[in-house]
Amino acid sequence: MATDQELAVDLRGLTKRFGPVTAVNDLTLAVESGEIVAFLGPNGAGKTTTIDMLLGLSRPDAGTVRVYGKTPAEAIARGEVSAVMQTGGLLKDFTVGETLQYTASLYAHARSVAEVLERAGITDIADRRVGKCSGGQQQRLRFALALLSDPRLLLLDEPTAGMDVEGRREFWSAIRKDAEHGRTVMFATHYLDEADAYADRIVLIRQGSIVADGTTGEIKALASGRVVRATLPGADQAALAALPGVESVELHGDTVVVRAADSDGVARHLLTQTEARDLEITSRNLEEAFIALTSDDAPETIAAATGSER
Amino acid sequence: MTSSTAQPQTRQVPPLGGLNLTALRLEIRRVLRNRRTLVFILIFPTVFFVLFGLPAKHEVLAGHSALAYIMISMAVYGAMVGTTSGGAAVAVERSLGWSRQLRLTPLRPVAYVLMKLVTAMVLGLIAVVVVFVVGALTGVRMPLHVWLLSALAAWLCSLVFAAFGLFVGFLLPSENVMQYVGPLLAILAVFGGVFVPLDVFSHTLQDIAKFTPVYGVGVIARSPLVGGFTATAVANVVIWTALFGFGAMRLFRRDTARV
């Protein structure tokens, strides 16, 4: 039985290296039961590696993994965790229904095949050979497979990669409907809008480390910093960069461009402490800001500032 | 069927590491649906029997009916191809990522291998039965105990090839593994005296043949008909089964440790 304090996911100091590359670097993350968490980051950020370790498909070089207080293998054996992987193998000469029957038979307790077929919206193709199903249909089958054990934690690794907009919407509505019963869901994605639309909490990961963690609102505010532009001959770049919430300062001749989360503070400083004129504040594109936050040359200071928020 | 509560009170680990008859039944049905597998294990041995056996219907081989002799040989061949392909299926499932998908279920790797082994032996049994039925229908006449003993021997001894299939399956993660293994099996079958009696070869070749993996199976399966059951043949089967089984186990351990 779960206690109230029991965490769905408890990762501590998780580290995984592949030769000289550190894919996951001292990652610590706690997910409470019932949360819907987006694991957001660019390709190669370490999302899949982390999920592999969560499922026991890969062993961490350092750190611990607990899923509802158990090792991944124990959690899987009891059907407490299941996953929809990016590319999971399916046998082409099984039908959709047979794939589910086969998998259901492996659990001590499983939901009925008819029920998960319906939940995943693939009842009509139950008799179709897997090899004849489209990519989207195969992905729905993987989702149905993941539902068989009625898991407490469902992991989705870029589940909609390669789907069109309509397919993505249908897939997520099925997940949403199913998660109403209090299932914990953690999904990896590199689509900002997907994380925004379907998660309660966003964990931003870059180069194997968490760079930001908060509610979608918090992350959006963080990501949607503004750009302050002004004419200021002989601007002191270092002084401006030292202002709170400043991400970058660029000088183009007499023009100074400051990217900052706290644009008001920067504007106040420029207008009261310097000779700046022609001041202009513009919003930054959300997608662009996300790229700035997660790109390899993003300043470490942001990571430190946002990381301490939670 | 359990009801759909989001949080069952008790979550249990399945018995026998997930090994169960439903999965086995679905697995066997799936394998039998594969046309290529059926051609290799059902059509080829039967066609060979018809091609080589029927023209020799009234001839005598090793003092016995050539037809019966060839029928048993082809049953051995069918069984070895069937069990090998059953075991080698792990290669296909590894290359497709199905084994990885199964790692997300309670199925224990050992239970998975056992299921493959059982499926392989079922394929072997089907191959033997088909050749024997065709043989009976086309005029093979043997005492009942010879039918039973040779069928049983051809089938049980093909365990060596189930182990061989698993070994190859864990060695080569390829969807087309049987394309490489099929010709190899045919060569081994020649050395095992399955396609032609070994005494057409030189003495040196005959001596070498005794150490190849089909030799023992062939001798034991034909012995109810022609005699010649030897300890060498038994040792051949036992040693090769142990070698392939050990090899498969080593590779299997490496495979499960890596993922």
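Two residues are said to be in contact when heavy atoms of one lie within 4.5 Å of heavy atoms of the other. With that idea in hand, the predicted model can be read from the meeting of its chains outward. By this criterion, 45 residues of chain A are in contact with 41 residues of chain B. Together the two chains bury about 3,900 Å² between them, and 54% of this area is on carbon and sulfur atoms. Three residues deserve a closer look here: A:Leu57, A:Tyr102 and A:Leu106 supply 18% of the area that chain A buries against chain B, more than any other three residues.

Charged and polar groups also take part in the meeting of the chains. Between chain A and chain B there are 4 salt bridges. A salt bridge is found between B:Arg33 and A:Glu98, where the closest N and O atoms are 2.5 Å apart. The count of residue pairs in polar contact between the two chains, with both residues at pLDDT 80 or more, is 12. On the side of chain A that touches chain B, at least two residues each come from helix H2 (72-77), helix H3 (96-104) and helix H4 (113-119) of chain A. The largest share, 5 residues, comes from H3(A). Sorted by class, this side of chain A has 17 nonpolar, 15 polar and 13 charged residues.

Attention now turns to chain A itself. Chain A contains 12 helices and 13 strands, and 54% of its 310 residues count as buried. Among contacts in chain A between residues at least 6 apart in sequence, 69% join residues at least 24 apart.

Two loop residues of chain A can be followed on the structure. A:Glu35 is located in the loop between strand E2 (21-32) and strand E3 (36-40) of chain A. Is this residue buried or exposed? A:Glu35 counts as buried because its relative accessibility is 17%, and the cut-off for burial is under 20%. The side chain of A:Glu35 reaches the backbone nitrogen of A:Glu32 at 2.7 Å. A:Gly131, in turn, is found in the loop between H4 and helix H5 (135-147) of chain A. Its relative accessible area is 45%, so A:Gly131 falls between the 20% and 50% limits and is partly exposed. A:Gly131 and A:Ile281 are 150 residues apart along the chain, and their C-alpha atoms are separated by 54 Å.

Cysteines are a natural next stop. A disulfide is a covalent bond between the sulfur atoms of two cysteines. How many disulfides does a search of the whole structure find? The search gives 0 over all chains. Two of the cysteines can be placed by their accessibility. A:Cys133 has a relative accessible area of 9%, which is under 20%, and therefore is buried. B:Cys157, at 11% relative accessibility, also counts as buried.

A last example comes from chain B. B:His203 lies in helix H9 (residues 203-209) of chain B. With a relative accessible area of 66%, B:His203 is exposed, because the value is over 50%. Along the sequence, B:His203 and B:Leu149 are 54 residues apart, while in space their C-alpha atoms are 29 Å apart.

Key
Residues numbered from 1 in each chain as written. Chains lettered and ligands numbered in written order. Predicted model: local features only at pLDDT ≥ 70, side-chain atom pairs only at ≥ 80, totals over all residues. Heavy atoms only, no water. Buried area = accessible area lost by both parts, 1.4 Å probe. Salt bridge = Lys/Arg side-chain N within 4 Å of Asp/Glu carboxyl O. Polar contact = N/O pair within 3.5 Å; in protein donor to acceptor, adjacent residues only side chain to side chain. Helix = DSSP H or I, 4+ residues; strand = E, 2+ residues; numbered from the N terminus. Nonpolar A, V, L, I, M, F, W, Y, C, P; charged D, E, K, R; others polar. Disulfide = S-S within 2.5 Å. Buried < 20%, exposed > 50% of the residue type's maximum accessible area, 1.4 Å probe, protein only.
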